[in-house]
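Please open the model in a viewer and keep the sequence panel visible beside it. The tour below proceeds selection by selection, with a short account of what is to be found at each stop.

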Amino acid sequence: MYIHKIKKTGNMKVDAFVLTDNISEISEAIEQLKNVASLPTIVKAAYAMPDIHWGYGFPIGGVAAFSNIISPGGVGFDINCGVRLLKTQIDYNDFKKYIENTIKELYDVIPVGVGATSKKFDKKSFKKIIEEGAKRAIEMGCGLSEDLEYIEDFGSISPASMEDISKTAYERGREELGTLGAGNHFIEIQKVEEIYDEKKANILGLYKNHIVIMIHTGSRGFGHQIATDYIKLMRNLHNDLPDKQLAYAYFDSDLGQKYYSAMNCAANYAFSNRQIITHYIRKVFSKFSKVEIVYDVAHNIAKVEKHDNQKLIVHRKGATRAFGPYHPDIPEKYKSIGQPVLIPGNMGTASYVMVGTNENFAFSSTAHGAGRVLGRRQALKKLNLNQVLSNLQKRGIIVKSKSKKTILEEAPDAYKEIDRVVEIVDKLNLSKKVAKLIPLGVIKG
Ligand SMILES: Nc1nc2c(ncn2[C@@H]2O[C@H](COP(=O)(O)O)[C@@H](O)[C@H]2O)c(=O)[nH]1
Ligand SMILES: [Mn+2]
Ligand SMILES: [Mn+2]
């Protein structure tokens, strides 16, 4: 009912599968998925998660694995955009009178919005961070060594060499490390509203009515510059592309390896960015509770993984890795329940915590969000700011943003219904529901 198969036709090398309950909503993105299915060395099939929508080259919500290519369009401009969930020991009833003030304090300490900058890291520290990831940010005073256990890839991916990034990427990157960014990026104070699986929730340390904090951000201008630089270098490599935006390099070529290394630098940067923001959040919350990481997931990345005994370059663009129980790459504490999966919905309704399963249908992948139904421009045209603000206010949600335009572009009605998306991946057993989180206060760029 939810699995739509698009049989291989024309230049497609494999079939494509779209997981959705409304195939008519997404025709443009389906054409993009068919293009992905026509790329060389693609294995098994191209997949689209239920949050699929149009993206640069590859659709957002797309998953594809190749034996020997890597494509920046299959990763996205915000390399390792991802989500981190923090837990506290605070009960909602004790905290509700502090929400407004806490949002204000967070807004004051965390650089937010377009062009926001942070303290500049010197070149040596910056190199350490991009080559080795979150552990270096922690050594520089931004966190606890035990945090690393709860970050995908333990916060560090290699090979990653500063030699493979441009001067412009370095300059953009060093100014923006430790900043939230704008638009879809957010910090949200949430309440655990509902638990679907008590045993798993206990292992994750999630309890009904407790306060949690969700961070959504990525590699800022640094990742964007790396994507831009390498797309330029790959643009004219192959002249039989179904879409120019699907530029790629063979993974075992010099350029393929250089992009892989540069992309990993951006991934390490993003893990560190979320780590530095965690450090700021801990400072603000220190008067209430300790703050621990539940997990941190990447949802725009290409990774080398083994599936059915084959080494593949798995591209997840707006999709989340969802390894099942006892996979060697998940933390000891979560071994029996599977990898935590964090799926933000929108600033007005809900977000979800799920866990991965041993279902390998789409290379152990699941959704990454609700996915847009309205593009930014459409949202500005169709939605009304006062209406959006009044709806949020009625639900008691406090919003702080640098820009009114962002609130409109990111309004709940600009996104698909998160409950629907989560229901589909749960029913298909790609990941299973553990807890529902509802927003109390949100900071948008
Ligand atoms: N809980 C919130 N979720 C949000 C908000 N703004 C966006 N979103 C969701 O995040 C995903 C992330 O997708 P990306 O491709 O833009 O990285 C998006 O699909 C939405 O479902 C928010 O303010 N709060
Ligand atoms: Mn992003
Ligand atoms: Mn994202």
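**Stop 1: the surroundings of ligand 1**

Begin with strands β7 (186-195) and β18 (431-444), each of which supplies at least two residues of the shell around ligand 1. The model is a predicted one, and the distances quoted in this tour are to be read accordingly. Next, display the 19 residues around ligand 1; Asn-184, Glu-188, Gly-345, His-368 and Ala-370 come nearest. Colouring this shell by residue class gives 7 nonpolar, 9 polar and 3 charged residues.

Which side chains offer polar atoms to the nitrogen and oxygen atoms of ligand 1? Select Glu-188, where a polar side-chain atom lies 2.6 Å from a nitrogen atom of ligand 1. Ser-351 likewise places a polar side-chain atom 3.0 Å from a nitrogen atom of the ligand. At His-216, an N or O atom of the side chain is 3.0 Å from an oxygen atom of ligand 1. Taken on its own, ligand 1 has 510 Å² of accessible area, of which the protein covers 95%.

**Stop 2: the two manganese ions**

Select ligand 2, a manganese ion whose protein donors are Asp-78 (OD), Cys-81 (SG) and His-185 (NE2), at 2.1 to 2.3 Å. Along the chain, these donors follow the spacing D-x2-C-x103-H. Asp-78 sits in the loop between β5 (69-70) and β6 (82-91), while His-185 sits in the loop between α6 (167-176) and β7; this pair links parts of the chain 107 residues apart. Both Asp-78 and His-185 are buried.

Now add ligand 3, also a manganese ion. What are its protein donors? They are Cys-81 (SG), His-216 (NE2) and His-299 (NE2), lying 2.1 to 2.3 Å from the ion. The donor spacing in sequence reads C-x134-H-x82-H. Cys-81 lies in the loop between β5 and β6, and His-299 in the loop between β10 (292-298) and β11 (300-307), so this pair ties together parts that are 218 residues apart in sequence. Cys-81 and His-299 are both buried.

Show both ions together: they are 3.6 Å apart, and Cys-81 coordinates both. His-216 also deserves a second look, since it is a donor to ligand 3 and has a side-chain N or O atom 3.0 Å from an oxygen atom of ligand 1.

**Stop 3: Lys-444 in strand β18**

Return to strand β18 and select Lys-444. Is this lysine buried or exposed? Its relative accessibility is 4%, and because the limit for a buried residue is under 20%, Lys-444 counts as buried. The side chain of Lys-444 reaches the backbone oxygen of Gly-183 at 3.4 Å and makes a polar contact with the side chain of Glu-410 at 3.3 Å. Among the residues that Lys-444 touches are Asn-184, His-185, Phe-186 and Met-347. Two of these names have appeared already: Asn-184 in the shell of ligand 1 and His-185 as a donor to ligand 2.

**Stop 4: Thr-179, in the loop before β7**

Thr-179 belongs to the loop between α6 and β7. This threonine is buried, with a relative accessible area of 0%. A polar atom of its side chain lies 2.7 Å from the backbone oxygen of Glu-176. Residues touching Thr-179 include Pro-111, Ser-118, Thr-217, Arg-220 and Ile-277.

**Stop 5: helices α4, α8 and α11**

Select helix α4 (residues 123-132), whose buried residues are Ser-125, Phe-126, Ile-129, Ile-130 and Glu-131. The cover over them includes α5 (134-139), α6, α8 (220-234) and α9 (254-285). Asp-122 caps the N-terminal end of α4, with a side-chain oxygen 3.1 Å from the backbone nitrogen of Lys-124. After the helix comes Gly-133, with a positive phi near 80°.

Within helix α8, pick Thr-228, which counts as partly exposed at 32% relative accessibility. The C-alpha atom of Thr-228 is separated by 8.6 Å from that of Pro-72, a residue 156 places away along the chain.

Finish at helix α11 (residues 385-394), where Asn-384 caps the N-terminal end through a side-chain oxygen 3.0 Å from the backbone nitrogen of Asn-386. Gly-396 follows α11 and has a positive phi near 75°.

Conventions. Residues numbered from 1 in each chain as written. Chains lettered and ligands numbered in written order. Predicted model: local features only at pLDDT ≥ 70, side-chain atom pairs only at ≥ 80, totals over all residues. Heavy atoms only, no water. Near = heavy atom within 4 Å. Polar contact = N/O pair within 3.5 Å; in protein donor to acceptor, adjacent residues only side chain to side chain. Areas by Shrake-Rupley, 256 points an atom, 1.4 Å probe, with all protein chains shown as cover. Helix = DSSP H or I, 4+ residues; strand = E, 2+ residues; numbered from the N terminus. Nonpolar A, V, L, I, M, F, W, Y, C, P; charged D, E, K, R; others polar. Donors = N, O, S within 2.8 Å, 3.2 Å for Na, K, Ca; no water. Buried < 20%, exposed > 50% of the residue type's maximum accessible area, 1.4 Å probe, protein only. Contact = heavy atoms within 4.5 Å. Lists of a residue's contacts leave out its neighbours within four places in sequence.
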